Every structure is written in C-alpha cells, then in structure tokens.
Amino acid sequence: MAELRRSSNIRESLPGTMVSMRSPTRPHSALNSAGDRREAERVERICLALAAKPEVPQWARTTLVAMAPLLAAATQGFNAAAPVVWPWMVSGYNMARVLPKDVLDVLYGGVLIFFGGSFTATLAAAEAFRVSGGDRVYASLQDLYLDFEAVKIANAIDNKKDDDGDGTADVDQIDSKALASRKMGIVLKSVNPERIMTALGGLAQALAGVLATLKLQFARTVAIAVSISDNLRKPAGILLTPALAAAMPIEYQHWISPSINLVCKMLAMTVAWMLTRIIAACHSSMLGGLLASRALLRIAQRRGWVKFGKDGDSDTLVDEYFGWFLAFVGIWWQLRNSMSVPFPLNIVLFPFSVTESLLQWMVTWMAVNSPAVV
C-alpha cells in the first residue's frame with residue numbers, strides 16, 4: 001500500500017509547467033532535406049579536419065575518421081527529428097500538469113501493467129529522478145535547449161553569409177580547418193557558458209544519484225550478472241580463442257580477448273536482467289492493476305456511476321477483484337511477449353527501449369563513486 005501511495009503522487013511531484021520552446025515549424029520539403037544534408041557534410045568535414053591535426057593522438061585520429069560518417073548521419077537525423085519530438089515532449093509534460101490525479105494514476109497504472117517488465121530500469125530511473133530532484137533536471141534540460149536554439153539560429157545565419165557576393169555561401173568555399181575554426185567560434189559566441197556548466201553539473205549530479213540508486217535497487221541483478229560473466233569467461237576463452245585466432249589475421253588478434261570478454265558480459269547481462277524483468281513484470285502488474293482499479297473506482301464514484309457507502313472504495317472489494325484481474329492480464333501479456341514490446345508499439349517506444357538497454361549496461365558494469373554502492 002505504501003508503494004501505491006507513493007506512485008499516486010505523480011501530479012504533485014511535477015514541477016511547474018514547461019515553457020514551450022518550439023522551433024518555427026519547418027515543412028518537410030526537398031529544400032530542408034538538402035540543407036540538412038549540407039549541414040551533415042560540414043560536420044563530416046570538421047571531424048576530418050580535426051583528425052588531420054598533427055597534435056591529435058593516433059587513437060583519436062582513427063576514432064574521428066571512423067566516426068565522421070556516423071556523426072554526419074546523426075546530425076541529419078537529429079535536425080529532422082528535433083522539431084517534431086521536442087514539441088511532443090513539451091505537450092506531453094504540460095498535459096501531465098493539467099490532467100486530474102486519478103487520470104494520471106490510471107495512465108501510470110496501465111504503463112506498469114503492460115510495460116513494467118519491458119522498461120524495468122527506465123521506470124525505476126524515472127522514479128529516482130522524481131525523488132532526487134526532478135525539477136532541477138527539467139530546468140537543466142530547458143537551459144541546454146535554450147543554448148542549442150541559440151547555436152542553431154546563429155549557425156543558420158552563418159550558413160547563408162556570402163560576404164564576397166559571388167552567389168555561393170562562404171562556408172562552402174573555405175577549407176575544412178577554417179570551417180572547423182569558424183563553427184567553433186559560432187558556438188563560443190552563441191552560448192552562455194555559466195548556464196551550460198550549471199545545467200551539465202545538474203544533469204551529471206542527477207545521473208550519478210540515479211545510477212547509485214539503481215545499483216542499490218538492482219544489486220542482486222548486478223551480482224548475478226558479474227557471477228555469470230566471471231564463471232563464463234574461462235571456458236569461453238578456452239573454446240573460442242583457438243577458432244578466432246585461426247580465422248582472424250594476426251594484426252587483429254589482440255582484439256580476441258576483449259571481444260570474448262564483451263560477449264560474456266553481454267550474455268551475462270541478458271540472462272540476469274531477464275530474470276529480473278520476469279519478477280518485475282509480476283510485481284509491476286500487481287501494483288499497476290490496483291493503482292488503476294482504485295483510480296477508476298474513484299472516478300466512477302465522483303460521476304455517480306457507482307456508490308459504495310460513505311468511505312468510498314474502502315467499503316468494497318470490487319477494486320481488489322478488478323485490480324487483480326488487470327494484474328493477471330498484464331502478467332499474461334508481458335510473459336507472452338517475453339517482456340519485449342510487440343509491433344508496432346516497438347517502433348513508437350524505440351527511444352525507451354534504447355534508454356532501457358543503456359541503463360541496464362550502466363547499472364551492471366559502470367562504476368559509481370557513491371558510498372551506497374559496494
């Protein structure tokens with residue numbers, strides 16, 4: 001019951017309404033796509049220019065060259081997605097501020113019923129963020145977005161400059177090194193350094209607190225994963241090393257041991273978290289079922305659809321029966337789908353699936369300097 005009461009305090013814990021910082025609407029046209037492609041090409045040129053500097057270490061040079069096409073593609077994708085995703089996030093947050101508490105309880109209960117096992121670490125992280133200062137996290141994200149918009153506007157203006165009047169933008173005529181210096185100057189002149197440092201510090205502190213909380217909460221999962229990985233490493237090395245050594249060129253054989261170690265860690269993490277997600281699916285379905293059923297009963301009583309006496313839902317077991325029915329439906333749904341999100345919901349919830357995988361890896365293998373984590 002205590003956990004249900006904590007879960008029901010969603011609306012009160014949310015900070016003030018997020019100000020909509022929507023960018024001017026950009027129609028998805030060939031012109032916009034061409035502009036995004038040119039911007040991606042400039043990012044790739046900047047990466048290659050940085051890699052060409054003699055003072056850059058060899059490992060960093062190799063990384064920059066390899067990452068240049070990926071960063072260019074990521075830039076193009078981000079420019080296309082940000083104007084769409086951010087307004088939806090702002091709208092969803094502001095909607096959560098104005099919806100009645102019982103409606104939020106029904107929605108949150110539904111998430112726990114059907115997705116508690118799929119997003120175990122994500123839901124726990126969201127609760128940890130809420131408890132450990134979610135308002136500061138939201139404020140930090142807004143500050144970073146303000147600086148991002150300032151850089152974006154300044155960069156768009158700079159991309160159109162044609163000081164020599166020859167009809168071609170200056171950024172398309174200068175070499176890669178000059179382009180990198182020019183864009184770095186745009187960033188440094190556009191942002192507020194104090195605001196950025198404060199925002200990044202707030203996010204880093206919140207992330208460290210969340211990871212420490214999750215490591216403590218999922219200590220058994222981490223212990224199982226580490227144990228499986230340690231015991232799997234030796235037999236995997238004996239079995240796989242000869243085959244990999246025979247198949248790989250000699251100049252790449254120094255990657256054999258790290259690769260085997262990584263595979264063992266990934267397999268151990270998958271097994272340990274699958275066990276945890278099965279338990280979490282059952283637990284979250286029970287919590288969500290009772291939370292949603294009691295909220296629905298309160299809504300029905302206020303609208304006069306049902307009446308159970310002066311004490312409301314405390315005078316009946318209907319909420320318990322319906323809550324357990326929802327719990328069994330949720331457990332069946334999640335076990336049937338192996339704690340994964342079915343199509344087409346997996347496309348819509350893909351960002352949350354990526355977040356879940358990252359959190360599982362960070363909680364399992366990343367060290368956190370916290371006295372609460374052993």
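Author: A residue counts as buried under 20% relative accessible area, as exposed over 50%, and as partly exposed in between (1.4 Å probe, protein chains only). The model shown above is predicted, with local features requiring pLDDT of at least 70 and side-chain atom pairs pLDDT 80 or more, while totals for chains, interfaces and linings use all residues. Residues are numbered from 1 along each chain as its sequence is written, and side-chain values use heavy atoms, leaving out hydrogens and water.

Reader: What does the secondary structure of the chain come to?

Author: Helices (H or I, at least four residues) and strands (E, at least two) are DSSP runs, numbered from the N terminus. In this chain there are 14 helices and 0 strands, and of its 374 residues 36% are buried. Taking a contact as heavy atoms within 4.5 Å, one finds that 83% of the chain's contacts with a separation of 6 or more are between residues 24 or more positions apart.

Reader: Where does a kink lie in helix α10?

Author: The bend at a residue is the angle between axes fitted to the seven residues ending there and the seven starting there. Helix α10, residues 219–247, has a kink of about 40° at L240, shortly before the proline P242. The buried residues of α10 are T221, V222, A225, S229, A236 and G237, and these buried residues pack against α11 and α14.

Reader: How many salt bridges does the structure hold?

Author: Side chains of opposite charge can pair when their charged atoms come close. The rule for a salt bridge asks for a side-chain nitrogen of Lys or Arg within 4 Å of a carboxyl oxygen of Asp or Glu, and the structure holds 9 of them. One is formed by the side chains of D102 and R298, at 3.0 Å from N to O. Because D102 lies in helix α5 and R298 in helix α11, this pair ties together parts that are 196 residues apart in sequence. D102 is buried, at 6% relative accessible area, whereas R298 is partly exposed, at 25%.

Reader: Which other side chain meets D102 in a salt bridge of 2.6 Å?

Author: The side chain of R302 does so, with 2.6 Å from N to O. The pair again links distant parts of the chain, R302 being in helix α11 and D102 in helix α5, 200 residues apart. R302 counts as exposed, with 58% relative accessibility. A network of salt bridges links K101, D102, D105, R298 and R302.

Elsewhere, R195 and D147 meet in a salt bridge of 3.0 Å, N to O. It joins helix α9 (residues 193–217), which holds R195, to helix α7 (residues 134–159), which holds D147, across 48 residues. Here R195 is partly exposed, at 27%, and D147 is buried, with a relative accessible area of 3%.

Reader: How many aromatic pairs are there?

Author: A pair of aromatic rings is described by the distance of the centres and the angle of the planes. Rings of Phe, Tyr and Trp (its six-membered ring) pair if their centres lie within 6.5 Å, and planes under 30 degrees apart count as stacked, over 60 as edge-to-face and the rest as tilted. By this rule there are 7 aromatic pairs. Among them is the edge-to-face pair of F119 and F352, with 6.3 Å centre to centre and 65° between the planes. The two are 233 residues apart, F119 in the loop between α5 (101–115) and α6 (120–131) and F352 in helix α14 (residues 350–365). F119 is buried at 7% relative accessibility, while F352 is partly exposed at 45%.

Reader: Why is the pair of W324 and F328 called tilted?

Author: The ring centres of W324 and F328 are 6.3 Å apart and the planes stand at 40°, so the pair is tilted. Both residues lie in helix α12 (residues 318–336), 4 residues apart, which is about one turn of the helix. W324 is partly exposed, at 37%, and F328 is exposed, at 57%.

Reader: Which residues does T122 touch, not counting those up to four places away in sequence?

Author: With such neighbours set aside, T122 touches F352, T355, E356 and L359. T122 is found in helix α6 and is buried, with a relative accessible area of 14%. F352 also belongs to a cluster in which ring pairs link it with F115 and F119.
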